[in-house]
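Here's a quick walk through one model, with an eye on pockets and rings. Have the viewer open and follow along.

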Amino acid sequence: MKGIDFQLDDSKKYLNVVIMPQEVPGKLDVKTLIKLLKNSEFRNCDFSEDDITNAYNQYSKAKAEKTPYPIKVNIAELKDAVIKFRIEDNDMVASLSITTAFGGHSPSPKELLKIAAEKGIKRGLSKKRLRTMAIQAKKAAPGEVVEDVVAKGLPVKNGKESKLKPLVPNALERILKPQTSGVSRVDMRNLGDVICVKAGAEILRRQPPTKGRNGYTVKGTPLVSKPGGWVKFRPGDGTKISDHDENLYIAAITGMPKFQNDKMWVDDTFICKGVNVGTGNIKFDGAVLVNGDVTEKMEITASGDVTVNGFVESATIIAGGDIIITEGAMGKVNENSTEFSTKLIADGGIHVQHGQGLNIKCKGNVTIGRQLAYSKIECGGSVIVGPIDKPNGNLFACDIQCNAEIIAGTLGAVSGSHLNIDFSPGFNNLMERKDTIDELLDQMRSNNVRHNDKMDLIRSKKIHPDLRRKLQEAEELIKNENQLLEWLEAKAELMKYAKDAYQQDIMLVANKRLYAGVVVKLNNRTWRAEREYAKAKIHYEGHQWNYVPLV
């Protein structure tokens, strides 16, 4: 506009407006001055509306008095971008914030790199991130803050302890992984040879610990890792250390190997072609392998695993390990479903290819190859019917108590026969343990506060030299009590987590169909299938059972 000009002062940091009052055509106001500034090359500077108003007032006065002299007023400041590097998290992370310029200088990537070096950032710096931030700062509005992490240190990774790697699978693991037949088919009948090893066979290797990985901070300070240590391992029953390799364990006897809870042992194995009136009942301290059928009213009791490569009919099997029946099992049931002629009881898991009329009790998981009906299950784990990778078997007319998910292809039957599932016993047992620990923890907290208050009072007093030994003993007792309280606090937190995990884990999954007559229960929360559903999941959330259709 004629008669109005914007000029930088000699420092090139401040902007003046120069007005020739008698040359300005027409009417001029504050808004017009601001508009002229925003349309100029100094549009991004940090201007003051009060200073512009002051310039306008001087102009109005000079215009009225017809003063011929120019008016010069400082109205804005050109500010360079403000650059701040922050080093945090024990020198492991460096962040950059750029408050963008008000018409002043905006940093280039090279300038940012130089400033970073001056701040002591030597390693883990991303040049690409600096370049991106420099571009963003130039494009952003004046005064905007551009912020991001530009450097990261390398955390130290300590070495892992030595690991125990079994060289032979457990019998149950082998059974649950059918052997491949041909290129793409799986032969469900060929469940693989049951593993029995000869004396001298390699069964376990202790893998060496790893050295770990050193790290560094963004300032270049090296961080040294700690190497892993050797896990102590004692050979279990029926095993021994190899003569030529101290980290290799071999079978000392011929038998069935078992690896569980980081322990490996070999059970002495009793092998027979069948169990019937001719062989009599079997009671054996070790594993039992039956290459045939177990007939009516026969009993097998073993301290290890029991594997039956055949059929079980109206018999009783009790195992200190797993029970594996590669064919099927069948029993008779009375009218009230309270007595079963076939009983399978195990401290581990139980696998049956198909079954009917069974009373199953185990501490582990129950896996069924194809179908289970008219049976009773009490287990400490899950119930899976069908192949482990995609359960598609049938489960109906059963009463089940378990502590984890139940997955099958079909739950229930077209006839509407009952399928009752109760997750209450395991949950209530867990809650009893949790309540006991919480009650003990409350008592310990109360006692600990009282004891610490007493000790603080004693410490404030002058102690006679003859009593200092007693004070040291009291200090040691308080220290032990504090450690016990910390342990109880951690245990209570674990129990709380276990309670939440239990409620998350319990569910029914029907990969094909879920029929009417299926009832699932957790104490007083019950869900009942009143109609037929397609693929579905029933899970517990928000203190209630929820139905979710599966795609």
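What follows covers the main pocket, then the aromatic pairs, then the charges that sit over rings.

Keep in mind that this is a predicted model.

**The pocket**

Let's start with the largest pocket, which has a volume of about 270 Å³. Its lining is made up of 17 residues. If you want to centre your view, go for Leu172, Asp322, Gly348, Gly349 and Asn365, since these lie nearest the pocket centre. Two elements, α5 (171–175) and β18 (255–260), each give two or more residues to that lining. Which of the elements gives the largest share? That's β18, with three residues. As for chemistry, the lining of the largest pocket splits into eight polar, six nonpolar and three charged residues.

**Aromatic pairs**

On to the rings: the count comes to nine aromatic pairs. Two of them are set side by side here.

| Pair | Centre to centre | Angle between planes | Class |
|---|---|---|---|
| Phe270 and Phe284 | 5.7 Å | 45 degrees | tilted |
| Phe427 and Tyr502 | 5.6 Å | 45 degrees | tilted |

Why does Phe270 with Phe284 count as tilted? Their planes are at 45 degrees, and the tilted class takes what is neither under 30 degrees (stacked) nor over 60 (edge-to-face). The pair connects distant parts of the chain, with Phe270 in strand β19 (residues 263–272) and Phe284 in strand β20 (residues 282–284), 14 residues apart. Phe270 is partly exposed, at a relative accessible area of 32%. Phe284 is partly exposed too, at 23%; the cut-off for buried is under 20%.

Phe427 and Tyr502 also form a tilted pair. This one links distant parts of the chain as well: Phe427 belongs to helix α6 (residues 424–459) and Tyr502 to helix α7 (residues 468–505), 75 residues apart. Are these two rings' residues buried or exposed? Both Phe427 and Tyr502 are buried.

There's a cluster to look at, too: ring pairs join Phe423, Tyr540 and Trp545.

**Charges over rings**

Finally, a couple of spots where a charged side chain meets an aromatic face. Lys79 lies over the face of Phe102, 5.7 Å from the ring centre. Arg123 has its charged end over the ring of Tyr216, at 3.7 Å from the centre of that ring.

Methods: Residues numbered from 1 in each chain as written. Predicted model: local features only at pLDDT ≥ 70, side-chain atom pairs only at ≥ 80, totals over all residues. Heavy atoms only, no water. 1 Å grid on protein atoms, 1.4 Å probe; cavity = no way out; pocket = protein on both sides within 12 Å on 5 of 7 lines; lining within 4 Å. Points joined across faces, edges and corners; volume = space filled by probe spheres on them. Helix = DSSP H or I, 4+ residues; strand = E, 2+ residues; numbered from the N terminus. Nonpolar A, V, L, I, M, F, W, Y, C, P; charged D, E, K, R; others polar. Phe/Tyr/Trp six-rings, centres within 6.5 Å; stacked < 30°, edge-to-face > 60°. Buried < 20%, exposed > 50% of the residue type's maximum accessible area, 1.4 Å probe, protein only. Lys NZ or Arg CZ within 6 Å of the ring centre and 35° of its normal.
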